[in-house]
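Visitor: I've never looked at this one before. Could you walk me through it?

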Amino acid sequence: MSQYEKALYEVSRILLDYDYDKIVPVYGFGAKVHMPSFHTEARVNHSFPLNGNENNANVFHVEGIMRAYRQALPFL
């Protein structure tokens, strides 16, 4: 894991202790997004669903957060 992933994992793990259903929306920020299901063309998007789904940005638990991050990274 990169230093960013380690920090994301640890912070998410702590915060999810306070979330009863462990389902959280996950957003990225400040990137030109080129996902198959979500494009921002050549402009920077300041808030976008990290899983690429504009209608449902929710993921489940820490594993879902990490998976969404890793899957989105090549498209940013």
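Here is a short chat about two helices and a pair of rings.

Visitor: How do helices H1 and H2 run relative to each other, roughly parallel or roughly antiparallel?
Guide: Keep in mind that this is a predicted model. H1 covers residues 3-16 and H2 covers residues 61-72, and the two pack at an angle of about 150° with their axes 9 Å apart. Angles over 145 degrees count as roughly antiparallel, so H1 relative to H2 is roughly antiparallel.

Visitor: And which hand does the crossing of H1 and H2 have, left or right?
Guide: That's a separate matter from the angle. The crossing of H1 and H2 is right-handed.

Visitor: Which residues meet where H1 contacts H2, and how many of them are nonpolar?
Guide: From H1 come Tyr4, Glu5, Leu8, Tyr9, Ser12, Arg13 and Leu16, and they meet His61, Val62, Ile65, Met66, Tyr69 and Arg70 of H2. Sorted by type, the contact has three charged residues, two polar ones and, for the nonpolar group, eight.

Visitor: Which residues form the aromatic pair?
Guide: Searching the whole structure turns up one such pair. Its ring centres are 5.4 Å apart with 35° between the planes, which makes it tilted. One partner sits in helix H1 and the other in helix H2, so the pair links parts 65 residues apart in sequence. The two are Tyr4 and Tyr69.

Visitor: Is Tyr69 buried or exposed?
Guide: Its partner Tyr4 has 49% relative accessibility, so Tyr4 counts as partly exposed. Tyr69 has a relative accessible area of 13%, and the cut-off is under 20%, so Tyr69 is buried.

Conventions
Residues are numbered from 1 along each chain as its sequence is written. This is a predicted model: local features need pLDDT of at least 70, side-chain atom pairs count only at pLDDT 80 or more; totals for chains, interfaces and linings use all residues. Side-chain values use heavy atoms; hydrogens and water are left out. Axes are lines fitted to C-alpha atoms, for helices over the stretch in contact, and angles run from 0 to 180 degrees between N-to-C directions. Helices (H or I, at least four residues) and strands (E, at least two) are DSSP runs, numbered from the N terminus. Angles under 35 degrees count as roughly parallel, over 145 as roughly antiparallel, 65 to 115 as roughly perpendicular and the rest as oblique. A crossing is left-handed if the near helix is turned anticlockwise from the far one by less than a right angle, and right-handed if clockwise. Contact means heavy atoms within 4.5 Å. Ala, Val, Leu, Ile, Met, Phe, Trp, Tyr, Cys and Pro count as nonpolar, Asp, Glu, Lys and Arg as charged, and the others, Gly among them, as polar. Rings of Phe, Tyr and Trp (its six-membered ring) pair if their centres lie within 6.5 Å; planes under 30 degrees apart count as stacked, over 60 as edge-to-face and the rest as tilted. Buried means under 20% relative accessible area, exposed over 50%, partly exposed in between (1.4 Å probe, protein chains only).
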